[in-house]
Amino acid sequence: MLDFLLRPFRRRFGADKHYYAMVDDLFGFIPNNIELYKLALIHKSASVLLPDGRSINNERLEYLGDAVIEAVTSDYLFIEFPDRDEGFLTQLRSKIVSRQSLNGLAEQLGLDRHLILNQAPGVTQKHIYGDAFEAMMGAIYLDQGYNFVNRLLINRIYFRLLDMEQLTASENDFKSRLIEWCQKNHHRFSFETTFDKGSRTNHPLFYTTVMIDGLEVGHGSGESKKEAEQHAAFSVAGFVSDEQSASLLDRVDRLERSAVRTERRAAQ
């Protein structure tokens with residue numbers, strides 16, 4: 001009832017009406033402590049300097065929001081997929097809470113239009129909107145509590161903006177995705193698997209190392225060879241995205257140039 005009465009007043013009057021309207025439009029409620037949400041929008045490049053010399057920005061709220069989002073997502077997937085194992089749940093959670101995914105959610109919501117910063121996002125700052133999304137979830141948690149942010153994140157954001165069918169399908173075969181990426185980008189690859197009869201655990205485990213162009217780029221373990229290979233491929237999945245593949249290529253090039261120089265010195 002109080003929210004119903006305060007909504008039109010806070011959206012139209014006062015120095016912070018823009019912020020109240022922004023939170024209401026994006027998330028559907030009127031905040032109690034608007035200062036938290038104002039802070040969540042301040043990128044490090046636009047830090048506010050306090051009289052005591054400290055600078056404030058959204059990084060602390062981002063840290064808190066990251067933990068809140070992971071906890072809520074874990075709750076959601078545990079209930080939504082009662083028959084799936086820990087590996088599946090962990091992989092799907094990683095996909096949902098990745099910087100790339102959160103950046104996409106922030107842009108779909110329109111949060112990117114409200115972020116306060118003093119520089120244009122560069123190549124190394126492609127996910128600052130996702131960072132702001134985390135900060136905003138941290139602000140909502142402090143202002144409204146865990147149960148509120150849990151319902152908001154699942155019902156208003158995940159339900160509306162995430163294609164869970166597509167996400168679950170994409171999580172099922174990381175090995176095939178990695179092989180496809182290597183073939184597309186002309187990389188040599190191999191999965192080197194060893195078997196441990198139980199010297200370090202109570203049950204046998206397979207251990208897989210992913211090799212790309214002679215480099216160890218990922219590791220994984222499982223109770224079967226197939227499971228170990230999937231876990232190892234998953235550990236590489238974020239690294240070999242289209243956005244980050246240049247890093248691998250640069251690393252390979254540096255090693256190749258170093259090898260050539262070594263051979264030339266040996267020939268002399």
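Is E229 buried or exposed? At 8% relative accessibility, E229 counts as buried, because the cut-off for that label is under 20% relative accessible area. Keep in mind that this is a predicted model. The briefing below starts from E229 and its partner K175, then turns to the other salt bridge and to a sheet of 3 strands.

**E229 and its surroundings**
- E229 has its place in helix 11, which covers residues 225–237.
- Leaving aside residues up to four places away in sequence, E229 touches K175, F191, T193 and T208.
- Two of the strands described further down cover some of these positions: strand 3 spans 189–196, and strand 4 spans residues 205–212.
- The side chain of E229 also makes a polar contact with the side chain of K175, at 2.7 Å.

**Salt bridges**
- The count of salt bridges comes to 2.
- As general background, side chains of opposite charge can pair when their charged atoms come close.
- One of the salt bridges joins the side chains of K175 and E229, with 2.7 Å from N to O.
- This pair links distant parts of the chain, with K175 in helix 10 (residues 174–184) and E229 in helix 11, 54 residues apart.
- The two partners differ in exposure: K175 is partly exposed, with a relative accessible area of 24%, whereas E229 is buried at 8%.
- K38 forms a salt bridge with E35, and here the closest N and O atoms are 3.3 Å apart.
- K38 and E35 both sit in helix 3 (residues 34–40) and, because they are 3 residues apart there, about one helical turn separates them.
- E35 is partly exposed, with a relative accessible area of 44%.

**The sheet and helix 10**
- An open sheet of 3 strands follows the order 3-4-5, and its pairing is antiparallel.
- Strand 3 (189–196) and strand 5 (215–222) stand at the edges with a single partner strand each, so one side of each has no neighbour in the sheet.
- On average, neighbouring strands of this sheet are turned by 20° against each other, direction ignored.
- Strand 3 and strand 4 run antiparallel and are joined by 8 bridges.
- D196 stands opposite L205, a residue of strand 4.
- Helix 10 packs on the sheet, where it touches strand 3 and strand 4.
- The direction of helix 10 makes about 145° with that of strand 3.
- Helix 10 also holds K175, the salt-bridge partner of E229.

Note on methods
Residues numbered from 1 in each chain as written. Predicted model: local features only at pLDDT ≥ 70, side-chain atom pairs only at ≥ 80, totals over all residues. Heavy atoms only, no water. Salt bridge = Lys/Arg side-chain N within 4 Å of Asp/Glu carboxyl O. Helix = DSSP H or I, 4+ residues; strand = E, 2+ residues; numbered from the N terminus. Buried < 20%, exposed > 50% of the residue type's maximum accessible area, 1.4 Å probe, protein only. Polar contact = N/O pair within 3.5 Å; in protein donor to acceptor, adjacent residues only side chain to side chain. Contact = heavy atoms within 4.5 Å. Pairing = 2+ DSSP bridges. Axes fitted to C-alpha atoms, helices over the stretch in contact; angles between N-to-C directions.
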